[in-house]
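The following exercises practise reading a protein fold step by step. Please study the sequence and the structure before attempting each task.

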Amino acid sequence: MFKFNFNLDCEAESGTEDLETESIEPPLEWLPALRHEITKHHLPSSSDADVIEVTIGTTKIKHLAESCALKKLQEKGNSCNVSSVLEKHTDLVPAVYEGGLTIWECTWDLLQHLADLDICLKDKRVLELGCGAALPAIYCALHGAHITVQDYNEEVVNFITIPNVAVNLYNSTTEEAATSVDVHPSQTLASRATFYSGDWAAVNELLLNQQKCESNKGENITDDANDEGQKFDLILTSETIYNPSCNKKLLDLMTAHLKQDGIILLAAKTHYFGVGGGTQQFANLVKAQDQLQVQSITSNSLGVKREILKMNFKVKQ
Ligand SMILES: C[S@@+](CC[C@H](N)C(=O)[O-])C[C@H]1O[C@@H](n2cnc3c(N)ncnc32)[C@H](O)[C@@H]1O
C-alpha cells in the first residue's frame, strides 16, 4: 500500500509556522557522489532465503525482500544514516534517507510500460536514477543492456541495489569458470552494471569528469562521437520527483547524459500532496528548459493519479 509519510518533524516539533524560525534553518547538506565496485560480499549466497520472483511480461526478475536488507543494515549498527531513520518509522528524511529500500508503486507501472514497449534493449546503455531496488534497470539488463544505476544512499546501493543486480545477473557457473582463468568472480558482472550513490548534482559532475577522462583516452575518434558513445540510450526513473527543490538537478543530470536520439521514461504521481512535486510540475520545468519535448502517457491501468512522462530531445531545425 502506497504511503508518503514524509518526516515533517521540524515543523511539528517547533509547534509554530513562524517564518523567522524557518528562515534561519541551515540549508540541507546533500551527500557526495561515490562509485561503488562489486565485491564478493554482494554476490548471492545460500543465506539469502528471502528472494522474491516477479514476472513482467515474460521476464522473470528476482529481488531481495526489504526485510532481508533491513536485517543486514541493522546488523551494521546505528551508526548508519539509513537505519537510524528507519527506526523512526518514516518513509524518508530529505537529504538523509530518500526511501530507496522500499519498492514504490510507480516502479510497477514503469516495468509494465517497458514490457509493453517491447523495444530492443540489446547492447543499449541504460541509466536508472533514484533506483532503489533497480527493477526497471534489471529488466533492461536481462534483455541485454548495460546498466548504470544510482541511488542517493550508499547503504541502499550496497544492501539492495547491488545484491538485486547480482541475484539476477550473476551466473555462478560461468563466473566460476572465469575465476579459473584469474578473472575476479565479480568482474563479468561489473562489465554489465555500474553503480553510483549520492546527490544528483554531485553524480552529474562525477559522470561529466569521467566522461572527460574517457574522451582524453579516445584518440582515434572525435570528441563528440566519444562523448555521445558514453551517454545513455534510455534513462529511467520512478517516484523521484516528489521534492520540487531537487527536480532541476535531476533534469540537468538527465539532459547532460542522454544521447541525441535517446529517451527518458519517468514514472510518478501526478501530484505528491503536501510537498508540491509531481508530473505536472516536472513537465512545466522541462518545457521551461526548452531542450526536451515531453509527452504524457496515461492509461486506465495507470489509474488517475499516476503517469509516465516520455521525453526526448527536440529535433534541431
Ligand atoms: C521514493 S524513492 C523511489 C525508489 C525507486 N525508484 C522506486 O520507485 O521504488 C526515491 C529515490 O529518489 C532518489 N533521490 C531523491 N532525491 C535525490 C537527490 N537529491 N539526489 C539523488 N537521488 C535522490 C533516491 O535514490 C530514492 O531512492
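**Exercise 1. Determine which strands pair with β4 and in which sense.**

Solution. The model examined here is a predicted one.

Step 1. Start with β5 (residues 146-151): five bridges join this strand to β4, and the two run parallel. Within this pairing, Leu 127 has Thr 148 of β5 as its bridge partner.

Step 2. Turn to β7 (residues 232-238), which pairs with β4 through four bridges, also in the parallel sense. Here Leu 127 stands opposite Ile 235.

Step 3. Consider the connection between β4 and β5. Together with helix α6 (residues 135-142), these strands make a right-handed β-α-β unit.

**Exercise 2. State how many residues of β4 are buried, and assign them to the two sides of the strand.**

Solution. Step 1. Strand β4 spans residues 125-129, and five of its five residues are buried.

Step 2. Recall the general rule: in a regular strand, side chains alternate between the two faces of the sheet.

Step 3. Assign the residues. Arg 125, Leu 127 and Leu 129 lie on one side, while Val 126 and Glu 128 lie on the other. Both faces of β4 are therefore covered, as the residues on either side are all buried.

**Exercise 3. Give the order of the strands in the open sheet and identify its edge strands.**

Solution. Step 1. The protein has 13 helices and ten strands. Eight strands form the open sheet, in the order β1-β6-β5-β4-β7-β8-β10-β9, with mixed pairing.

Step 2. The edge strands are β1 (34-36) and β9, each of which pairs on one side only. From one strand to the next, the twist averages 20°.

Step 3. Examine an antiparallel pair: β9 and β10 are joined by six bridges. One of the partnerships between them links Val 294 with Met 311 of β10.

Step 4. Add a helix to the picture. Helix α7 lies across β1, β5 and β6 (193-197), and runs at about 165° to β6.

**Exercise 4. Explain why the buried residues of α13 line one face of the helix.**

Solution. Step 1. Helix α13 covers residues 279-289, and its residues Thr 279, Phe 282 and Val 286 are buried.

Step 2. Viewed down the axis of α13, the buried residues fall within an arc of 65°, so they line one face of the helix. The general principle is that an α-helix has 3.6 residues a turn, so residues three or four places apart point the same way.

Step 3. Look at the face turned away from the buried side: there α13 carries the exposed residues Asn 284, Lys 287 and Ala 288.

Step 4. Identify the packing partners. The buried residues of α13 pack against α12 (244-257), β8 (258-269), β9 (292-297) and β10 (306-313). After the helix comes Asp 290, with a positive phi near 65°.

**Exercise 5. Which residues touch the most other members of the largest nonpolar core?**

Solution. Step 1. Of the 317 residues of the protein, 37% count as buried. The largest nonpolar core has 71 residues, of which Val 126, Ala 137, Cys 140 and Ile 235 touch the most other members.

Step 2. Helix α7 (residues 154-169) gives the most to this core, contributing eight residues.

Step 3. Leaving aside residues up to four places away in sequence, Ile 235 touches Leu 127, Leu 129, Met 254, Leu 258, Gly 262 and Ile 264.

Key
Residues numbered from 1 in each chain as written. Predicted model: local features only at pLDDT ≥ 70, side-chain atom pairs only at ≥ 80, totals over all residues. Buried ≥ 20, exposed ≤ 12 C-beta atoms within 10 Å, placed from the backbone. Arc of directions from axis to C-beta. Contact = placed C-beta atoms within 7 Å. Pairing = 2+ DSSP bridges. Right-handed = clockwise from strand over helix to strand, strands pointing away. Core = buried A, V, L, I, M, F, W, Y, C linked by C-beta atoms within 7 Å. Axes fitted to C-alpha atoms, helices over the stretch in contact; angles between N-to-C directions.
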